[in-house]
Amino acid sequence: PSADMAANTDNDRAMSFATDMVDFLNASPTAFHAVAEVKRRLVAAGFVELDERKDWSGMLISGGKYFYTRNGSALCAFTIGGKFDPATSGAVIIGAHTDSPCLKLKPSSRLEKEGNVMLGVVGYGGGLWHTWFDRDLSVAGRVLVRTQNGKLAPRLVAIKKPLARISNLAIHLTSADERAKGFLPNLHSHASPLLASAVRESLWRQSGAKAGSTDETKAAAGTDGANAADAAKRGETATARHHPLLVNAIAKELNIDPATIVDFELQLIDTQPAAIGGVFDEFIYSGRLDNLCSCFMATTALLSTTESVANDSAVRMIALFDHEEVGSVSATGAEGALLPDAIARLCATLGSVSADPTAAAFRSRSLHLSSDMAHAHHPNYADRHDKSHAPQLNGGLVIKFNADQRYATDAPGASMVRRFAALAGKKVQEFAVRADSRCGSTIGPIIGSKTGIRTVDLGAPQLSMHSCREVMAVDDLGEGVAVFKSAFEHFGELSKGVDLDTDEPLCSECSAVGWTP
């Protein structure tokens with residue numbers, strides 16, 4: 001009976017995490033929305049928002065909880081152990097990324113083809129683009145709005161109504177060669193979504209003109225007043241680059257005047273919400289599992305371990321980067337200064353500048369868990385996997401290895417993760433590609449090389465990676481949160497029992513007690 005009760009408790013906990021993550025996914029159709037949702041959760045838990053444009057002197061204290069955002073699409077949050085010591089403490093960092101492959105609207109998305117109003121889009125990242133065809137699509141992202149005082153303010157928008165669709169070519173119209181090769185769409189020629197017919201668009205314009213000062217007229221003009229044409233010519237209004245139909249739909253969703261919309265950064269989104277499914281409700285079906293699942297697990301683990309911060313010596317941090325899917329080379333990507341800036345400013349504020357001016361010693365005492373989704377064993381393509389390193393759905397968190405350093409995991413780091421899992425009563429799996437296959441990469445090697453911080457690449461297993469619609473197991477979500485919680489709670493103790501480059505312990509109190517089975 002006790003074993004059954006424990007199993008039921010674990011199942012209930014896993015389902016609670018899954019339900020919460022479904023809500024998180026549905027609130028996060030873009031990187032901007034994901035950061036806003038993480039921010040909302042942090043603020044609700046009492047985290048203090050920092051402004052990276054200002055001096056942090058005197059603002060950070062031991063036992064404190066803080067976060068800041070960059071460009072609205074990247075975020076860094078951390079707690080400072082109540083027993084933090086500048087001479088011996090380090091950080092345990094869980095890194096993830098907020099972006100996913102998608103089709104983004106071009107800077108000028110106005111497009112008409114064969115009597116139809118279309119949207120000009122471009123592929124972002126390495127998506128399975130055929131999965132975006134014949135789906136009910138809409139748009140979401142960040143809108144820049146001119147306020148009454150003349151400033152530009154960001155507004156997030158996500159239109160849930162299906163607005164557009166990318167249609168397949170009927171099989172009867174394909175050539176024998178096309179059918180033999182399979183569906184290989186040209187993104188420039190074949191992936192433009194249909195927004196409206198030109199006939200209906202013309203009627204819409206006419207009805208707006210007859211009505212006078214309607215939203216349609218304002219959107220078509222691009223601004224209010226006598227300077228409408230000049231503003232449009234100068235490119236200062238959204239309708240100079242985007243179709244008034246789209247601008248009007250955004251304004252209606254935000255309940256604002258279309259003329260106040262200056263510009264926007266939008267992408268196509270699938271309107272089908274995330275859901276829990278399977279005969280036994282054991283799977284999560286959604287877009288953007290790669291890598292919002294990692295963002296969710298990291299945030300949940302950080303928030304659920306705040307009560308133990310007072311008795312810890314380490315800094316616990318999550319770093320959620322943008323642009324991983326396109327190489328991470330940006331101000332908000334892992335190649336940028338987001339994480340190094342956070343570490344340097346934290347060390348400077350906590351009084352370790354004189355002894356460690358570059359934070360090099362602090363970084364050498366730290367650990368980075370680079371969390372990105374892992375390839376689960378595909379039952380229909382079993383030959384694509386190395387049978388000895390083929391993670392299963394419902395098998396737990398996956399540690400990823402690659403001899404060519406496409407993943408940054410080494411033996412000491414992997415041993416620490418296995419120990420975190422053991423302390424949480426959880427299991428981990430291992431992944432490596434076949435010897436005749438190329439390996440993808442993620443932020444792990446980038447962070448490791450830029451900072452010198454020991455890094456382990458890991459993640460929850462999933463199928464259909466980079467599809468418009470992906471799948472993972474409910475149990476793996478709970479397993480990942482548990483291992484991350486254990487990392488936050490036990491790193492301070494375990495890290496002092498690792499001496500790889502010298503026989504001398506870090507401090508007189510340092511021991512390997514935490515490594516005792």
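Two strands count as paired here if DSSP finds at least two bridges between them. Helices (H or I, at least four residues) and strands (E, at least two) are DSSP runs, numbered from the N terminus. You are looking at a predicted model, in which local features need pLDDT of at least 70 and side-chain atom pairs count only at pLDDT 80 or more, while totals for chains, interfaces and linings use all residues. Residues are numbered from 1 along each chain as its sequence is written, and side-chain values use heavy atoms, with hydrogens and water left out.

**View 1. The whole protein, with its 14 helices and 20 strands.**
Of the 517 residues, 49% are buried, meaning under 20% relative accessible area, where exposed is over 50% and partly exposed lies in between (1.4 Å probe, protein chains only). Take contacts (heavy atoms within 4.5 Å) between residues at least 6 apart in sequence: 76% of them join residues at least 24 apart. The accessible surface is about 23400 Å², and carbon and sulfur atoms account for 51% of that area. These areas come from the Shrake-Rupley method with a 1.4 Å probe; for residues, only the protein chains shown count as cover.

**View 2. An open sheet of nine strands with mixed pairing.**
Follow the strands across in the order β1-β2-β3-β13-β4-β14-β18-β16-β17. Strands β1 (48-49) and β17 (428-431) stand at the edges with a single partner strand each, so one side of each has no neighbour in the sheet. Further in, β14 (residues 367-371) runs parallel to β18 (residues 454-459), and five bridges join this pair. To find one of these, start at His 368 and look for its bridge partner Thr 455 in β18.

**View 3. Helix α13, mostly covered.**
How many of the nine residues of α13 (443-451) are buried? Seven are: Ile 443, Gly 444, Pro 445, Ile 446, Ile 447, Gly 448 and Thr 451. Their packing partners are the strands β4 (91-97), β13 (315-321), β14 and β18, together with the helices α10 (338-349) and α11 (360-364). Just past the helix, Gly 452 has a positive phi of about 80°.

**View 4. Two antiparallel hairpins, β5 with β6 and β7 with β8.**
Eight bridges hold β5 (residues 102-113) beside β6 (residues 116-124), and Leu 103 has Gly 123 as its bridge partner. Two residues lie between these strands. Glu 114, in the loop between β5 and β6, has a positive phi of about 50° although it is not a glycine. With a relative accessible area of 80%, Glu 114 is exposed. In the other hairpin, seven bridges join β7 (residues 137-146) to β8 (residues 152-158), with Val 145 partnered by Ala 153. Five residues lie between β7 and β8, and the turn includes Gly 150, whose phi is positive at about 90°.

**View 5. Helix α2 around Ala 34.**
Is Ala 34 buried or exposed? Ala 34 counts as buried because its relative accessibility is 2%. Ala 34 lies in α2 (residues 31-44) and touches Phe 24, Ser 28 and Leu 292, leaving aside residues up to four places away in sequence. Ala 34 and Leu 292 are 258 residues apart in sequence, yet their C-alpha atoms are 7.7 Å apart.

**View 6. Backbone details around helix α9 (residues 289-303).**
In the loop between β12 (283-286) and α9, Arg 288 has a positive phi near 70°, although it is not a glycine. Next comes a cis peptide bond from Asp 290 to Asn 291, with omega near 15°. Asn 291 itself is found in α9.

**View 7. The largest pocket, about 1200 Å³ in volume, and the largest cavity, about 40 Å³.**
On a 1 Å grid over the protein atoms alone, a cavity is a set of points where a 1.4 Å probe fits but cannot get out, and a pocket is an open set with protein on both sides within 12 Å along at least five of seven lines; lining residues have an atom within 4 Å of a point. Points are joined across faces, edges and corners, and a volume is the space filled by probe spheres set on them. Which residues lie nearest the centre of the largest pocket? Of its 36 lining residues, these are Leu 128, His 375, Ser 464, Met 465 and His 466. The pocket lining has eleven nonpolar, 14 polar and eleven charged residues, where Ala, Val, Leu, Ile, Met, Phe, Trp, Tyr, Cys and Pro count as nonpolar, Asp, Glu, Lys and Arg as charged, and the others, Gly among them, as polar. The count of cavities of 30 Å³ or more comes to one. Residues lining the largest cavity include Thr 88, Ser 313, Phe 491 and Lys 496.
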